[in-house]
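The following paragraphs lead the reader through a structure, beginning with a single residue and its surroundings. Please keep the sequence and the three-dimensional view at hand while reading.

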Amino acid sequence: MSRVEDLRFGVVTFPGSNCEQDAVHALRHLGYQADYIWHQDTDLNGFDAVVLPGGFSYGDYLRCGAVARFSPVMAEVVGYAESGRPVIGICNGFQVLTEAHLLPGALIRNKGLKFLCQNVHLRVEESVCKWVDLPAGTVLDIPISHNEGNYICDEETLAGLQENAQIVLRYCEPDGSRLSGGSAPNGALDDIAGICNQRGNVFGLMPHPERVTDGVSGSKAGSVVFTAIATYAREVAGR
Amino acid sequence: MKQYKIFVTGKQGIFDPAGETARHALDNLGYIGIENLRIDKYIQLDTSDTVTAEMVKEMCEKLLANPVIEDFLIEETVMTVAEEAAEQTKAEADE
């Protein structure tokens, strides 16, 4: 593994975010530098990657992520993402990315109406995502914690995601298989748990890899997401 | 003064679990024949006359609705001076 300590992550904090400390802790545990970016800040200089964390930005009012999308920092995040720099949105962060049109589709209420807080099995798919560098078919065990994680998009968008290898993670059974009726506990279309943009630098996922990085909660399965991006982040930064 | 009533509704085919649950509850209460029940959003804007329907449409497209999953319908009501005065009197009486 390449050295990571020269890379600095910025973790955006919106009013109502509640996973930003977990993200900073996880990143520092993995050896990165990590600092908070307040939602009113507009300077992303000096950050090699940006994290939009989980939580309930602006109380989830109107729609999850709908108000956060218009935070001053988000205009900068859009430009940052479009220039190819790495951006990851976890849970509420994923919802913000879809509202900001950095990722297609939307996340609606879980099918069973329940807030789901549990470990799930995720199958790594063959994708262009820069954040995941694992053989397709690898099964990860990572927790989810959300009320609106039911991914949805129109048929044309779904076909595009499939053709361009933008589906990064799918909910699956422990052996990596998928049930004919769907393996997504939240009802997500095509069992989608995480997608990326066409370039692969913007990644959104409902599961919380930052919660399983240091082993304290029983697993380090989420580390892979944050370690894989190091090479790409350094490349884009020109180092 | 103007009033805009905005109805934000889930697009056709977007599953509405809350609506489906309420429909089941009505079934259990013995109300038969309800084939579909949707729970959607109603937003009301009270504005000055300078706010146009075009602006409200833009607000819906930008923020109030998500075109990926929702449609919206705007109803505009312009209050006459007399209606405005009546509204004012009513508000004062309520206080």
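Leaving aside neighbours within four places in sequence, A:Arg123 is in contact with A:Gly137, A:Thr138, A:Val168, A:Leu169, A:Arg170, A:Cys172, A:Gly176 and A:Arg178. The model in which these contacts are found is a predicted one. A:Arg123 itself belongs to strand 6 of chain A. One of its contacts can be described in further detail: the side chain of A:Arg123 reaches the backbone oxygen of A:Gly176 at 3.0 Å.

A second residue to locate is A:Asn110, which is placed in the loop between strand 5 (106-108) and strand 6 of chain A. Is A:Asn110 buried or exposed? Its relative accessible area is 0%; residues under 20% count as buried, and therefore A:Asn110 is buried. The side chain of A:Asn110 reaches the backbone nitrogen of A:Gly149 at 3.0 Å. When residues up to four places away in sequence are not counted, A:Asn110 touches A:Phe115, A:Leu116, A:His146, A:Asn147, A:Glu148, A:Gly149, A:Asn150, A:Asn186 and also B:Pro17 of chain B.

A:Asp133 offers a contrast. This residue is found in the loop between strand 6 and strand 7 of chain A. Its relative accessible area is 65%; the limit for an exposed residue is over 50%, so A:Asp133 is exposed. From A:Asp133 to A:Pro185 there are 52 residues in sequence and 25 Å in space, taken from C-alpha to C-alpha.

The next topic is the aromatic rings. A pair of such rings is described by two quantities, the distance of the centres and the angle of the planes. Over all chains, the count comes to four aromatic pairs. In one of them, the rings of A:Phe9 and A:Trp131 have centres 6.3 Å apart and planes at 70°. Planes over 60 degrees apart count as edge-to-face, and so this pair is edge-to-face. The pair links distant parts of the chain, with A:Phe9 in strand 1 (residues 8-13) of chain A and A:Trp131 in the loop between strand 6 (116-124) and strand 7 (139-146) of chain A, 122 residues apart. Both A:Phe9 and A:Trp131 are buried. Ring pairs also bring in A:Tyr32, linking A:Phe9, A:Tyr32 and A:Trp131 into a cluster.

Two members of this cluster appear again in the nonpolar interior. The largest nonpolar core has 72 residues, and the members that touch the most others are A:Tyr32, A:Trp131 and A:Phe203. Helix 5 (residues 223-237) of chain A contributes the largest share of this core, namely six residues. Another core lies apart from it and has ten residues, including B:Val8, B:Ile43, B:Cys60 and B:Ala65.

Finally, one may consider how the two chains meet. In this interface, 15 residues of chain B are in contact with 14 residues of chain A. Between them, the chains bury about 1200 Å², and 71% of this area is on carbon and sulfur atoms. How many salt bridges are counted between chain B and chain A? The count is one. A:Arg63 forms a salt bridge with B:Glu70, and the closest N and O atoms of the two residues are 3.7 Å apart. Five residue pairs are in polar contact across the interface. On the side of chain B that touches chain A, helix 1 (17-28), strand 2 (41-47) and helix 2 (53-64) of chain B each supply at least two residues.

Definitions and conventions. Residues are numbered from 1 along each chain as its sequence is written. Chains are lettered from A and ligands numbered from 1 in the order in which they are written. This is a predicted model: local features need pLDDT of at least 70, side-chain atom pairs count only at pLDDT 80 or more; totals for chains, interfaces and linings use all residues. Side-chain values use heavy atoms; hydrogens and water are left out. A nonpolar core is a set of buried Ala, Val, Leu, Ile, Met, Phe, Trp, Tyr and Cys residues joined through side-chain atoms within 4.5 Å. Buried means under 20% relative accessible area, exposed over 50%, partly exposed in between (1.4 Å probe, protein chains only). Helices (H or I, at least four residues) and strands (E, at least two) are DSSP runs, numbered from the N terminus. Rings of Phe, Tyr and Trp (its six-membered ring) pair if their centres lie within 6.5 Å; planes under 30 degrees apart count as stacked, over 60 as edge-to-face and the rest as tilted. Contact means heavy atoms within 4.5 Å. Buried area is the accessible area (1.4 Å probe) that two parts lose on being put together, summed over both. A salt bridge is a side-chain nitrogen of Lys or Arg within 4 Å of a carboxyl oxygen of Asp or Glu. A polar contact is a pair of N or O atoms within 3.5 Å; within protein, one must be able to donate a hydrogen and the other to accept it, and residues adjacent in sequence count only if both atoms are side-chain atoms.
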